[in-house]
Amino acid sequence: MAREIVARTRPEQAIPDTYAPYRRLVRDGIEFFLSRISRQRLLDLVISQLTLDADACCQARLLALAQRFPTLHKLGQIIARHPDIDPVVRQWLVNLENGLYGTPSDELLTRIRVELGSAGEAAPVCVAPTILAEASVGAVIPFHWQPSADGCRQRGVFKVLRPGIRRHLNEELVILEETAVFFHDHRARYPLKDFRFLEIFEDVREMMIHEIDLAAEQRLLEEAGRFYADMPEIRIPRCLDLSTAAMTAMDFLDGPKLADADLSEPQRQRTAESLFTAVVLKPLFSPRDAALFHGDPHAGNILAVFTPESTDPAIGLVDWSLAGHLDRGDRIKTVRMIQAILKKDLTGMCDAIRSLTLKASLATPSPRQSLRDLIIGWMRDPANGRLPLVKQAFRLLEALSMEGFVFPADLMLFRKAIFTLEGVLHDLWPAFDMNTAIARYVMSLLQQEMPVRLSNMLFPFTDGPEDYMSLMSNQDLQSLITHQFISVLFTCSQRLMGPLTFWNPAFGVA
């Protein structure tokens, strides 16, 4: 039956010629996955496909299929947010972002009433009968309530899980692991070299588990509120007392998607820098031992919240079900790798990457012997050299992960968050320059650190990157300044000698 569904859905035809080598992988993966699904869900899938228009295209059929399976839904979202994905593929996969997928609201309203009863909430709550948005596992429904008799009426939203989602996920997560084993055992059929199916599918499994843990998301919302308390331009929904372990009640942030907001060009420019600072730079350079970051900053999770206090909108960051924590030690190693990339220091890059790599993957002969050659090959691609520095660093880690290297899961989630955010930044302000934003932010940190740096010069042997928010020691900073000074001299000499080499045959120019 699974084979027949795949034959009629034709998922491989949805794959453009750019990705022709992966058509068999997509078809085989979906067929294997569906062949393990329960008979009833398979029959429901058949009915849903039959109810589509007879002339529905293969892309529409594939989307309808993915929406019925949370894990496939999430995989589609992940693919859509990859920075290098074909624009045509992104255009139709973006429909898997927050939308409306036909979940009956009656069941959700019943669940909300049950949870309100279990919470013993006496305050009057008026729940809207409509769904505001749906995602791969949850749905959002608006409400009004009055916390106290003399208080003001407030707006909020309930986030609850879609009906049957836990049961479906329990089934699919087992199948997802079986699918990973299938691909691992038959990797010779597909052009993926040493791609680690088991680790990647395990990451997806962890993401799905996090998404259905509403109690954990509530804790993350509270932590995010504290983390961004010093950034008034960032708004985090506040958890309300109506929340339970199975339902999150939070403030309603009123505003459109940030990229869709009616903003002037200066507003877009300022807001883009604030967004990049909040999502990338604040976690990367945080003084905390474990810095919180939003793991899924796609357009649907970033809102423009207009307030009387400012002409620029505040940035609302919603949906914290997928978030991570960056260990300070990993951030120091990452910044060290970025410095090595800037200086084109091959030895420094190798050392930083080895320090980031999980020891289990370094134990295999292939990664240990080929790391230097892999980096050299990656550096020779001019397209990589044109990327912003932070993207170069994480693109290199991504390329190495395809070769069998394994890095900390939260670090790779942060990589995904940066690539996801890039699309939002481009829509908001196409001319946004990550390198300039990073340089400006780091310079402000260096100014704050100057008194400590001057005093630490008296004790150079105890000076380390962990002493500073910029994550660079005095020795690191001196090396960077020297490199930049030499680069400027080299560039100036090239410009000066260029006309001379043109006229002088002695320089080998015809």
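This report walks through strands, helices, salt bridges and aromatic pairs in a predicted model.

## Ground rules

Because the model is predicted, local features need pLDDT of at least 70 and side-chain atom pairs count only at pLDDT 80 or more, while totals for chains, interfaces and linings use all residues. Residues are numbered from 1 along each chain as its sequence is written, and side-chain values use heavy atoms, leaving out hydrogens and water.

Helices (H or I, at least four residues) and strands (E, at least two) are DSSP runs, numbered from the N terminus. For burial, "buried" means under 20% relative accessible area, "exposed" means over 50%, and "partly exposed" lies in between (1.4 Å probe, protein chains only).

## Strands and the open sheet

Let's start with strand S7, residues 290–294. Four of its five residues are buried, so S7 is largely enclosed by the rest of the structure. Its partner is strand S10 (residues 323–327): five bridges join the two, which run antiparallel. Within this pairing, Ala-291 sits opposite Leu-326 of S10. Two strands are said to pair if DSSP finds at least two bridges between them.

Elsewhere, three strands make an open sheet in the order S5-S9-S8, with mixed pairing. Strand S5 (234–235) and strand S8 (302–305) are the edge strands, each pairing on one side only. S8 is joined to strand S9 (residues 314–317) by four bridges, and these two run antiparallel. Val-305 has Ala-314 in S9 as its bridge partner. As background, strands of a sheet pair through backbone hydrogen bonds, either parallel or antiparallel.

Helix H11 (residues 265–284) lies across S5, S8 and S9, and runs at about 40° to S9. For that angle, axes are lines fitted to C-alpha atoms, for helices over the stretch in contact, and angles run from 0 to 180 degrees between N-to-C directions.

## Helix H13 and its start

Helix H13 covers residues 346–356. Its buried residues are Leu-346, Gly-348, Met-349, Cys-350, Ala-352, Ile-353 and Leu-356. At the start of H13, a side-chain oxygen of Asp-345 comes to within 3.3 Å of the backbone nitrogen of Thr-347. This is a polar contact (a pair of N or O atoms within 3.5 Å; within protein, one must be able to donate a hydrogen and the other to accept it, and residues adjacent in sequence count only if both atoms are side-chain atoms).

## Around Thr-179

Thr-179 belongs to helix H8 (residues 165–185) and is buried, at 4% relative accessible area. Leaving aside residues up to four places away in sequence, Thr-179 touches Gly-29, Phe-32, Phe-33 and Phe-201; contact here means heavy atoms within 4.5 Å. Thr-179 and Ile-30 are 149 residues apart in sequence, and their C-alpha atoms are 9.1 Å apart in space.

## Salt bridges

The whole structure contains 23 salt bridges, each a side-chain nitrogen of Lys or Arg within 4 Å of a carboxyl oxygen of Asp or Glu. One of them joins Glu-211 and Lys-74, whose closest N and O atoms are 2.4 Å apart. Glu-211 lies in helix H9 (residues 197–211) and Lys-74 in helix H5 (residues 70–80), so this pair ties together parts that are 137 residues apart in sequence. Glu-211 is buried at 4% relative accessibility, and Lys-74 is buried at 1%.

Arg-440 and Glu-273 also form a salt bridge, with 2.6 Å between the closest N and O atoms. Here helix H19 (residues 434–456) supplies Arg-440 and helix H11 supplies Glu-273, so parts 167 residues apart in sequence are tied together. Arg-440 is partly exposed at 46%, as is Glu-273 at 24%. Another salt bridge brings together the side chains of Glu-398 and Arg-415 (3.2 Å, N to O). Glu-398 is in helix H17 (residues 389–401) and Arg-415 in helix H18 (residues 409–428), 17 residues apart; both residues are buried. Arg-41, Glu-171 and Glu-172 are joined into one network by salt bridges that share partners.

## Aromatic pairs

There are eleven aromatic pairs in the structure. Rings of Phe, Tyr and Trp (its six-membered ring) pair if their centres lie within 6.5 Å; planes under 30 degrees apart count as stacked, over 60 as edge-to-face and the rest as tilted. Phe-394 and Phe-414 form an edge-to-face pair, 5.8 Å centre to centre with 75° between the planes. This pair links helix H17, home of Phe-394, with helix H18, home of Phe-414, across 20 residues. Both phenylalanines, Phe-394 and Phe-414, are buried. Ring pairs also link Phe-32, Phe-182, Phe-183 and Tyr-190 into a cluster.
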